[in-house]
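Colleague: Mind if I quiz you on this one? I'd like to hear what stands behind each label.

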Amino acid sequence: MSDQANNNEKTFTLTNDETGESCKLPIKTGTHGPSVIDIRKLYAETGHFTFDPSFTATGSCKSRLTFIDGEEGILLHRGYSIEDLAGKSTFLEVAHALLYGDLPNKAEKEDFEKDIRYHTMVNEQVHYFFRGFRRDAHPMSIMCGVVAALSAFYHDSLDIWEPEQRELSAHRLIAKIPTLAAMTYKYSIGQPFMYPRNDLSFSENFLYMCFGVPAEPYVMSPVLADAMDKIFILHADHEQNASTSTVRLAGSSQANPFACVAAGIACLWGPSHGGANQAVLEMLAEIGTKDRIPEFLARAKDKEDPFRLMGFGHRVYKNMDPRAGVLKKAAHDVLEDLGVKDDPLLEMAMELERIALEDPYFVERKLFPNVDFYSGIILKAMGFPTSMFTVLFAVARTVGWISQWKEMMEEPSIKIGRPRQLYTGEPSRPYVPLAKRK
Ligand code: CMC
């Protein structure tokens, strides 16, 4: 029940049906989206915690960065629509908006790009880390290690209470993670690491570090560089998702930003989150031919079968993921530029999408294609192995993670995140000495 308190603050009254006791909780309203019930005094006033294990109805923080309307399929960064950003801006412009609040003007853009470029190289010692890994290690396992290791190298930007050091760490992370990601790829295929080229744009340089070789000049495709930039923009931030919440929670303990982002990378790895783009391609390969789609749809609907249609469904979007729409078009552009006609994977993805969108199971549950459904097809066409897909997601999401971390650190006070629980274990019982245990 919602009512109006004396001081004009909207409140929500919670009543215990058994005792009749009630508690008035303030309602807080944001710019867009549902308002929230501020339960911070709930335990002190009622002795109860709330119970929301997967955070389906919990706002964990205030944020000015990203807004999602899952029902309408809207995604805004700093108020700008994702369609505008992906169609008209560069990735580093979006990074500037996320970090500082606005798209940069011309001078700010030049300064920001120069700052990021300045930090693209990694300490030469980092190269030795790679040698410790097996060549067939999953690239995300290497990323978890080498990104965490950055905190061992950049001691001059680890003081989280100094705004200049926080900014320096943010720039270093945005600049160096692409270099580390490309090194991870080169290591896996036994090719030499390519040093960054600061005359190239962010995405051009990334493609160069991945696909260039010292023996010959690298020919850049503007269509591929543009598609890479779009993929990075579309993955830059996504509100309080699992990995971003991980970064914020790690940061709330005052851990350094390199360690926090490494925690985010670990969380992103799972197939329910960033690992889904790899899982989509593996699923398409497993389906193999269009005539087998009904068989796999039946499996996805069978509650006894753990199989899920990868790239479908989203915790927040109950409509088309706006990022999937942009990528569907980009997939066609990339395949055309590469001269790929009638790509069987793309055809199968489109057929799967068509059939699933007509199927009552998917319609009733509002399961639409998400960002990962088309990104894998583009990345594969570009030449990336599936194991690198989640790494590319991490390159882009670093901007969101570090912007969210920066926002949290700029709050007037920071309190460690510490959820509580509903204990369902044994009640208190007497200790039994070993000799008497049955
Ligand atoms: N295939 C088949 N059934 C599904 C799927 C799917 N992909 N997704 C959800 N469902 C069903 C689910 O079984 C449940 O059915 P019922 O109500 O009969 O029990 C209903 O839809 C609601 O699902 P849920 O598991 O309660 O939804 P959730 O919000 O917990 O899960 C999700 C969201 C993304 C983890 C899930 O949709 C999923 O596993 N999708 C496939 C993996 C994927 O594509 N992940 C990428 C997400 S986007 C990128 C990112 O954010 O990292």
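Colleague: What do the buried residues of H11 pack against?

Modeller: They pack against H6, H7, helix H10 (242-252) and H18, where contact means heavy atoms within 4.5 Å. The buried ones in H11 are Pro257, Phe258, Cys260, Val261, Ala262, Gly264, Ile265 and Leu268; buried means under 20% relative accessible area, exposed over 50%, partly exposed in between (1.4 Å probe, protein chains only). Before we go on: this is a predicted model, with local features needing pLDDT of at least 70 and side-chain atom pairs counting only at pLDDT 80 or more, while totals for chains, interfaces and linings use all residues. Residues are numbered from 1 along each chain as its sequence is written, and side-chain values use heavy atoms, with hydrogens and water left out.

Colleague: How do you know how far H11 should reach from its first C-alpha to its last?

Modeller: The expected span is 1.5 Å times one less than the number of residues. Helix H11 (residues 257-268) has 12 residues and reaches 16 Å, close to the 16 Å expected. The helix itself is a DSSP run (H or I, at least four residues), numbered from the N terminus.

Colleague: And what does that check give for the 12 residues of H17?

Modeller: For helix H17 (residues 371-382) the span should be 16 Å, and the end C-alpha atoms are 17 Å apart, which agrees.

Colleague: Why is H17 called largely enclosed by the rest of the structure?

Modeller: Of its 12 residues, 10 are buried, so the label follows. Those are Val371, Asp372, Phe373, Tyr374, Ser375, Gly376, Ile377, Ile378, Leu379 and Met382. The cover includes helix H8 (202-211), helix H9 (222-234), helix H12 (276-287), helix H14 (322-337), helix H15 (344-358) and helix H18 (389-409).

Colleague: At what angle do H9 and H17 pack?

Modeller: About 145 degrees, with the axes 11 Å apart; axes are lines fitted to C-alpha atoms, for helices over the stretch in contact, and angles run from 0 to 180 degrees between N-to-C directions. Leu224, Ala227, Met228 and Ile231 in H9 meet Ser375, Ile378, Leu379 and Met382 in H17. That contact divides into 7 nonpolar residues, 1 polar and no charged.

Colleague: What makes H6 and H7 oblique to each other?

Modeller: Under 35 degrees is roughly parallel, over 145 roughly antiparallel, 65 to 115 roughly perpendicular, and the rest oblique. Helix H6 (residues 139-149) and helix H7 (residues 163-189) cross at roughly 140 degrees, their axes coming within 10 Å, and they are therefore oblique. On the H6 side, Pro139, Ile142, Met143, Val146 and Val147 make the contact; on H7 the partners are Leu173, Ile177, Leu180, Ala181, Thr184 and Tyr187.

Colleague: Why does Ser157 count as buried?

Modeller: Its relative accessibility is 1%, so Ser157 falls under the cut-off for buried. Ser157 is found in the loop between H6 and H7. Leaving out residues up to four places away in sequence, Ser157 touches Gln165, Leu168, Ser169, Arg172 and Phe258.

Colleague: Is Gln254 buried, exposed or partly exposed?

Modeller: Partly exposed, since its relative accessible area is 43%. Gln254 sits in the loop between H10 and H11, and has a positive phi of about 75 degrees although it is not a glycine.

Colleague: And what about Glu239?

Modeller: Glu239 counts as partly exposed at 26% relative accessibility. Glu239 is in the loop between H9 and H10, with a positive phi near 60 degrees in a residue other than glycine.

Terms used:
Helices (H or I, at least four residues) and strands (E, at least two) are DSSP runs, numbered from the N terminus. Ala, Val, Leu, Ile, Met, Phe, Trp, Tyr, Cys and Pro count as nonpolar, Asp, Glu, Lys and Arg as charged, and the others, Gly among them, as polar.
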